[in-house]
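Work through these exercises with the model open beside you. Try each task before you read its solution.

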Amino acid sequence: MFSLNGQTVGFDTENNALVIIDQTRLPDEEVIFSLKTADEIVTAIKELKLRGAPCIGVSAAIAVAVLSNDSRADSFDSFFNEFNSNYDRLLSARPTAVNLYWALNEMKKVIVTCKGEPLDNIKKALNIKALEILNNDIATCKAIGKHGAELLSGVDAVLTHCNAGRLACVRYGTALSPVYVAKEQGKSIKVYADETRPLLQGARLTAYELTKAGIDTTVICDNMASYVMKQGLVGAVLVGADRIALNGDTANKIGTSGLAVLANYYKIPFYVCAPFSTVDFDCENGSKIPIEMRNETEISEMWYKSRMTPEKARALNPAFDVTDASLITAFITEKGILRPEQLKLCKDI
């Protein structure tokens with residue numbers, strides 16, 4: 001049996017499978033799935049069995065390798081056509097997260113570069129690239145954690161939203177990485193975790209992984225954030241990102257922009273922790289970021305024995321909102337601490 005060894009996602013090369021923790025089953029049970037078909041993988045992404053921008057990107061890269069290994073194409077053109085079909089299906093699963101787009105294009109570059117070589121060589125190259133993307137995610141997240149831990153040297157408690165920890169990546173996470181690295185360095189940072197309606201990623205996932213790691217964690221309802229800030233209970237806000245526009249506008253889980261407004265009012269630093277691959281240099285500003293709209297039943301029915309809202313009442317369920325760059329204190333990336341206005345200068349890095 002393939003072991004994830006503390007990772008959220010893995011590549012079982014022996015059995016040619018994408019291996020994931022089913023995040024919809026947490027925190028009650030930890031269930032491991034091996035996914036081998038396009039239908040299984042796309043469904044897992046759509047149903048949030050795997051989620052988090054970096055995790056989705058890594059999973060997409062592994063998915064391309066898995067599906068390519070099973071390809072029966074007998075020519076480059078037919079092989080490339082299969083890839084393009086899988087590319088479109090995977091990309092449509094979660095359109096807001098730029099890491100998905102980035103990872104798929106990294107795999108596409110491999111195929112284009114290897115054109116003219118035997119298909120077996122191309123498949124081997126895709127396997128190597130998928131593992132490289134997975135290992136790079138671990139290294140990237142740890143680097144984010146090191147920069148963040150240094151920045152938070154005088155902070156005893158932080159507020160976070162959604163889940164941007166280990167479960168959203170391969171290991172360490174983005175917004176939670178500074179907390180994990182600080183713990184490795186012998187410092188304890190308390191975390192207040194927004195429950196994050198309607199999918200409760202904070203209550204189910206963030207609280208699960210932090211308490212499992214022995215980190216002091218308090219879950220709050222989303223509408224308690226202002227109280228926590230006003231009482232001086234936190235010294236910083238740490239959030240992840242699904243897509244960062246060139247001007248610094250940032251798309252993240254719905255509710256993030258409200259936290260940024262509150263943090264600005266209470267003069268609390270608001271940090272976005274994300275790998276550099278989350279910056280979409282082709283996206284001028286936040287108005288260009290597509291916002292995924294999810295099923296209304298996630299609000300009205302998902303967590304209840306019977307429907308909670310009246311049948312005739314509609315529900316608005318955007319999965320993300322966009323935080324204006326002016327409300328972001330800085331980005332914590334693997335390349336260091338960057339202010340929003342510095343992003344344009346880093347385009348060619």
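**Exercise 1. Place Y172 and judge its backbone and burial.**

Solution. Y172 sits in the loop between β4 (157-160) and α6 (177-184). The coordinates come from a predicted model. Next, take the backbone: phi of Y172 is near 75°, a positive value in a residue other than glycine. Then take the accessibility. The relative accessible area of Y172 is 12%, so Y172 is buried; the cut-off for buried is under 20%.

**Exercise 2. Do the same for N5: where does N5 lie, and is N5 buried or exposed?**

Solution. Start with the location: N5 belongs to the segment before β1. N5 is not a glycine, yet its phi is positive, about 50°. The relative accessible area of N5 is 58%. Exposed means over 50%, and N5 is therefore exposed.

**Exercise 3. Find the cis peptide bonds that precede P27 and P198, and place both prolines.**

Solution. Take P27 first. The bond from L26 to P27 is cis, with omega near 5°. P27 is part of the loop between β2 and β3. Now P198. The bond from R197 to P198 is cis, with omega near 0°. P198 falls in the loop between β5 (190-194) and α7 (201-212).

**Exercise 4. Build up the sheet that holds β1, strand by strand.**

Solution. Go in five steps.

1. Order. Three strands make an open sheet, β1-β2-β3, with antiparallel pairing.
2. Edges. β1 (9-12) and β3 (32-35) each have a single partner strand, so one side of each has no neighbour in the sheet.
3. Twist. With direction ignored, neighbouring strands of this sheet are turned by 25° against each other on average.
4. Pairing. β2 (residues 17-21) and β3 are antiparallel, joined by 4 bridges. Here L18 stands opposite L35 in β3. β1 and β2 are antiparallel too, joined by 4 bridges. A17 in β2 is the bridge partner of D12.
5. Connection. β1 and β2 form a hairpin with 4 residues between them. In the turn, N16 has a positive phi of about 50°.

**Exercise 5. Which way do the residues of β1 point, and are they buried or exposed?**

Solution. Split the strand by direction. V9 and F11 point one way from β1. G10 and D12 point the other way. Now check the cover: all of these residues are buried.

**Exercise 6. Which strands pair in the sheet that holds β8, and which helix packs on that sheet?**

Solution. Begin with the order. This open sheet has 4 strands, β11-β8-β9-β12, and the pairing is mixed. β11 (279-280) and β12 (320-323) stand at the edges. Each has a single partner strand, so one side of each is left free of a neighbour in the sheet. Now look at the pair of β8 (residues 243-245) and β11. These strands are parallel, over 2 bridges. A245 stands opposite D280 in β11. Last comes the helix. α9 (residues 256-265) packs on the sheet and touches β9 (250-253) and β12. The direction of α9 makes about 35° with that of β12.

**Exercise 7. Locate Y266 and list what it contacts beyond its sequence neighbours.**

Solution. Y266 lies in the loop between α9 and β10 (270-273). Its relative accessible area is 23%, and Y266 counts as partly exposed. Leave aside neighbours within four places in sequence. Y266 then contacts S226, M229 and K230. Compare Q231: Y266 and Q231 are 35 residues apart in sequence, with 10.0 Å from C-alpha to C-alpha.

**Exercise 8. Which residues make the nonpolar surface patch that includes W303, and how exposed is W303?**

Solution. List the members: M302, W303, Y304 and M308. Their patch covers about 370 Å². Then place W303, in the loop between α10 (297-300) and β12. Finally, the relative accessibility of W303 is 37%. W303 therefore counts as partly exposed.

Note on methods:
Residues numbered from 1 in each chain as written. Predicted model: local features only at pLDDT ≥ 70, side-chain atom pairs only at ≥ 80, totals over all residues. Heavy atoms only, no water. Pairing = 2+ DSSP bridges. Contact = heavy atoms within 4.5 Å. Axes fitted to C-alpha atoms, helices over the stretch in contact; angles between N-to-C directions. Patch = residues over 30% accessible without salt bridge, like charges linked within 9 Å, V, L, I, M, F, W, Y side chains within 5 Å. Areas by Shrake-Rupley, 256 points an atom, 1.4 Å probe, with all protein chains shown as cover. Salt bridge = Lys/Arg side-chain N within 4 Å of Asp/Glu carboxyl O. Buried < 20%, exposed > 50% of the residue type's maximum accessible area, 1.4 Å probe, protein only.
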